[in-house]
Amino acid sequence: MIDVDTILEPYQRFGVHLGLDRIQSLLANLGNPQQQYPIIHVAGSNGKGSVCAYLSGILTAAGYRVGRYTSPHLVNWCERICLNEEAIAPIALQQVLEQVEAAISPLEMPTQFEVITAASWLYFAQQQVEIAIVEVGLGGRLDATNVCDRPLVSIITSLSREHWQVLGPTLADIAREKAGILKVGSPAIVGLLPAEAAVVVAEQIAALNCPVDWPESAQEIPRPTDSGSPKPMPWAEFRGIQYPLPLAGEVQLRNSSLAIAAVQVLRQQGWSITDAAIQDGMAHTHWPGRLQWVHWQEHRLLIDGAHNPAAAGVLRQFVDRLGDARSVQWVMGMLSTKDHSEIFQTLLRSGDALYLVPVPDHSSANPIELTQLAQRQCPGLTHCQPYPDLASGLQAAFQDSSDFKNQDDIEPLTILCGSLYLIGHFFKHQDCGSKPTR
């Protein structure tokens with residue numbers, strides 16, 4: 001049996017090529033599996049994955065047969081396609097990919113993302129899911145997931161200046177692409193957007209006559225004494241519904257409110273989802289690689305994608321709210337397409353140390369050039385050097401940690417961030433003990 005990487009690798013040469021013609025033709029050859037079940041469609045610059053994870057967990061707890069399609073993966077392709085929170089088995093993914101390949105027209109060669117997306121649609125149809133949670137890959141309007149005429153609800157989680165090389169240079173341009181997932185008369189849930197983007201999205205909502213909800217953030221509340229949560233975690237309340245909040249960071253008050261608002265729409269449509277199912281689904285939500293504590297060679301390490309300025313802001317806010325006044329050792333790698341300057345500006349502080357590494361197997365920014373940029377932007381760094389690989393960067397950071405103790409003899413906080421692909425490499429290749437710690 002040919003493995004998944006071998007099947008998908010040839011399609012990588014087509015790169016990112018937005019458009020719906022190829023995916024629609026391919027799905028037609030497969031019998032249009034995407035028409036066999038309802039979907040929730042989720043777009044946005046950040047927060048998409050956690051909203052999808054919340055919704056999948058809640059609907060699974062409510063007793064439904066739930067598909068979930070997200071991207072990118074951290075370690076292997078199977079993570080992208082889940083059924084009731086379980087990743088597709090490698091053999092099952094190989095088989096469905098072979099069925100997709102057999103349906104490809106030689107005149108319309110799809111991209112790699114289109115092939116795996118078609119596989120997800122087909123697999124969910126074969127598994128007779130009752131609902132699928134589908135995350136947009138890039139943008140929205142011309143993304144390969146945007147092939148359903150009437151989603152149960154469309155969600156735009158957030159919007160920032162990312163992928164501007166493809167989506168357009170301004171926030172308005174990017175908002176126009178994200179709003180392309182909205183459909184005539186279908187409910188929309190929209191998160192907190194910059195004013196320039198919110199105007200564009202609101203205009204599209206009005207033009208399509210979409211019932212819309214712009215939910216406020218949930219509020220953190222004291223943990224109920226009889227909560228029954230599997231481990232201690234914060235609790236939140238949104239519109240009278242109380243639930244545990246298992247994912248770290250204040251941003252999850254916003255992300256969780258979007259998920260709960262979508263659940264309220266489903267309830268109005270006749271779906272049976274109790275408050276107990278919401279609590280149970282939320283409590284068991286796991287979304288690795290985002291504000292996650294792990295151990296690396298007996299050292300405690302915080303990892304987070306922080307792959308764009310908005311995500312970097314979430315990480316910086318989390319660090320500041322820890323309140324222990326420690327400096328930070330940043331072990332970072334970024335893709336060449338990212339806004340390096342703004343990410344550095346958001347994260348770095350005088351007294352911090354920076355260890356720059358390449359992102360393997362992707363279009364990585366040059367660590368030497370990043371070092372020069374960071375030194376110009378934050379001359380107060382105590383250390384700023386490039387390293388040839390992730391392992392050497394982490395090793396250097398932890399070797400130096402005793403030299404950078406504060407006046408209370410406390411070692412600095414060490415954080416690995418800058419790219420989800422780098423986080424995936426960490427999980428795949430390092431002796432990291434990937435279970436979260438507290």
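Two strands are taken as paired if DSSP finds at least two bridges between them, and helices (H or I, at least four residues) and strands (E, at least two) are DSSP runs numbered from the N terminus. With that in place, an open sheet of eight strands can be read in the order β4-β3-β2-β5-β1-β6-β7-β8, with mixed pairing. Its edge strands are β4 (86–87) and β8 (212–213), each of which pairs on one side only.

Before I go on, a word on provenance: this is a predicted model, in which local features need pLDDT of at least 70 and side-chain atom pairs count only at pLDDT 80 or more, while totals for chains, interfaces and linings use all residues. Residues are numbered from 1 along each chain as its sequence is written, and side-chain values use heavy atoms, with hydrogens and water left out.

Staying with the eight-stranded sheet, strand β2 (residues 66–69) and strand β3 (residues 81–83) pair in the antiparallel sense over three bridges, and Arg68 stands opposite Cys82 in β3. The loop between β2 and β3 holds Pro72, and the peptide bond that joins Ser71 to Pro72 is cis, with omega at about -5°. A second backbone feature is found at Asn32, in the loop between α2 and β1, where phi is near 50°, a positive value in a residue other than glycine. As background for both, most residues other than glycine have a negative phi, and most peptide bonds are trans.

Now the other sheet, which is also open: three strands in the order β9-β10-β11, with antiparallel pairing. Here β9 (219–221) and β11 (241–244) stand at the edges with a single partner strand each, so one side of each is left without a neighbour in the sheet. The twist averages 35° from one strand to the next; for this and what follows, axes are lines fitted to C-alpha atoms, for helices over the stretch in contact, and angles run from 0 to 180 degrees between N-to-C directions. Between β9 and strand β10 (residues 235–238), which run antiparallel, there are three bridges, and Ile221 stands opposite Trp235 in β10.

Which helix lies across β9, β10 and β11? That is helix α9 (residues 251–268), running at about 130° to β11, where contact means heavy atoms within 4.5 Å. Helix α9 also lies across β1 (39–43), β5 (131–135), β6 (153–156), β7 (188–190) and β8 of the other sheet, running at about 165° to β7. Helix α10 (residues 275–283), in turn, lies across β10 and β11, at about 25° to β11.

Let me turn to helix pairs, beginning with α2 and α5, whose axes come within 10 Å and cross at roughly 40°. The crossing of α2 and α5 is right-handed, a crossing being left-handed if the near helix is turned anticlockwise from the far one by less than a right angle, and right-handed if clockwise. On the α2 side Arg22, Ile23, Leu26 and Leu27 take part, and they meet Glu114, Ala118 and Trp121 in α5. By class, this contact has five nonpolar, no polar and two charged residues, with Ala, Val, Leu, Ile, Met, Phe, Trp, Tyr, Cys and Pro counted as nonpolar, Asp, Glu, Lys and Arg as charged, and the others, Gly among them, as polar.

The side chains of Glu114 and Arg22 also form a salt bridge, at 2.8 Å from N to O; the term requires a side-chain nitrogen of Lys or Arg within 4 Å of a carboxyl oxygen of Asp or Glu. This pair links distant parts of the chain, since Glu114 belongs to helix α5 (residues 112–126) and Arg22 to helix α2 (residues 21–29), 92 residues apart. By the salt-bridge rule the count comes to 11.Finally, helix α12 (residues 340–347) and helix α13 (residues 367–377) have axes that come within 10 Å and cross at roughly 50°. That makes α12 oblique to α13, given that angles under 35 degrees count as roughly parallel, over 145 as roughly antiparallel, 65 to 115 as roughly perpendicular and the rest as oblique. The contact involves His340, Ser341, Phe344 and Gln345 of α12 together with Leu370, Leu373, Ala374 and Gln377 of α13. Helix α12 also packs with helix α11 (residues 309–322), at an angle of about 10° and with the axes 9 Å apart, which makes α11 roughly parallel to α12.
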